[in-house]
Amino acid sequence: MGDGIKPSLIEDANLRAHVQKLWLAWTDEADADGLLVPMQVQLLLAEVQPFEMIRMAANGNRIQFGIVYDAIGRQVAVRVPAADLLHIYRLLDAVQSRCLPHVAPAIVRLFLLDQCDDAELDRNKTAAMFAGFIIKTAIASLTHS
């Protein structure tokens, strides 16, 4: 959103400029497309995980909704090792493994605002198509005299 993530909280201007230069160099290579940077980032939405998959792995781990759990219910993997992922959600329940994003309520509102904006544009286009004409004929006024 906006300008994106920036490492700008550093007070020393020279250090901040140096960190910014390194940051920009890293972000050009940070996508998980097999590039050469040691740390890469790939966004995986919960929706891409198979909700219908519930089974036991050969090592005794339970696989449910694309998340691998060990014998005592700890998450140990989500298609990639869990230690390599950031699971960012607010825990609402003791056994919760998925959640709505923090911005979900805003997404709904933004969708409705987008629809409202589209409707206003359509209303303005329709209003621009209407025209009125006033026609006066001289003959009609002469015949009544």
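## Overall fold

The protein chain contains three helices and five strands in this predicted model. Reading from the N terminus, the order of elements is α-β-β-β-β-β-α-α.

Two figures describe how the chain packs. Of the 145 residues in the protein chain, 12% are buried. Among contacts with a separation of 6 or more, 13% are made by residues 24 or more positions apart.

## Helix α1 and its cap

Let's turn to the helix at residues 13-27, α1. With 15 residues at 1.5 Å each, α1 should span 21 Å, and because its end C-alpha atoms are 21 Å apart, the model agrees with that expectation.

The N-terminal end of α1 is capped by Asp-12. Here a side-chain oxygen of Asp-12 lies 2.9 Å from the backbone nitrogen of Asn-14.

## The β3-β4 hairpin

Next comes a hairpin worth a look on your screen. Strand β3 covers residues 67-69 and strand β4 covers residues 75-78; the two run antiparallel and are joined by two bridges. Across the pair, Tyr-69 stands opposite Gln-75 in β4.

Five residues lie between the strands of this hairpin. One residue to check there is Gly-73, which takes a positive phi near 90°.

## Asp-70 in the loop

Is Asp-70 buried or exposed? Asp-70 sits in the loop between β3 and β4, and its relative accessibility is 13%, so it counts as buried, the cut-off being under 20%.

Which partners does the Asp-70 side chain have among polar atoms? One of its polar atoms lies 3.1 Å from the backbone nitrogen of Ile-72. In addition, the side chains of Asp-70 and Arg-74 are joined by a polar contact of 2.6 Å. Leaving aside residues up to four places away in sequence, Asp-70 touches Asn-61 and Val-76.

## Aromatic rings

Tyr-69, the residue that stands opposite Gln-75, also has a charged partner. The charged end of Arg-62 sits over the ring of Tyr-69, at 4.4 Å from the ring centre.

How many aromatic pairs are there? With ring centres required to lie within 6.5 Å, the count comes to zero. For Tyr-69, then, the ring contact to look at here is the one with Arg-62.

Key:
Residues numbered from 1 in each chain as written. Predicted model: local features only at pLDDT ≥ 70, side-chain atom pairs only at ≥ 80, totals over all residues. Heavy atoms only, no water. Phe/Tyr/Trp six-rings, centres within 6.5 Å; stacked < 30°, edge-to-face > 60°. Lys NZ or Arg CZ within 6 Å of the ring centre and 35° of its normal. Helix = DSSP H or I, 4+ residues; strand = E, 2+ residues; numbered from the N terminus. Expected span 1.5 Å × (residues − 1). Polar contact = N/O pair within 3.5 Å; in protein donor to acceptor, adjacent residues only side chain to side chain. Pairing = 2+ DSSP bridges. Buried < 20%, exposed > 50% of the residue type's maximum accessible area, 1.4 Å probe, protein only. Contact = heavy atoms within 4.5 Å.
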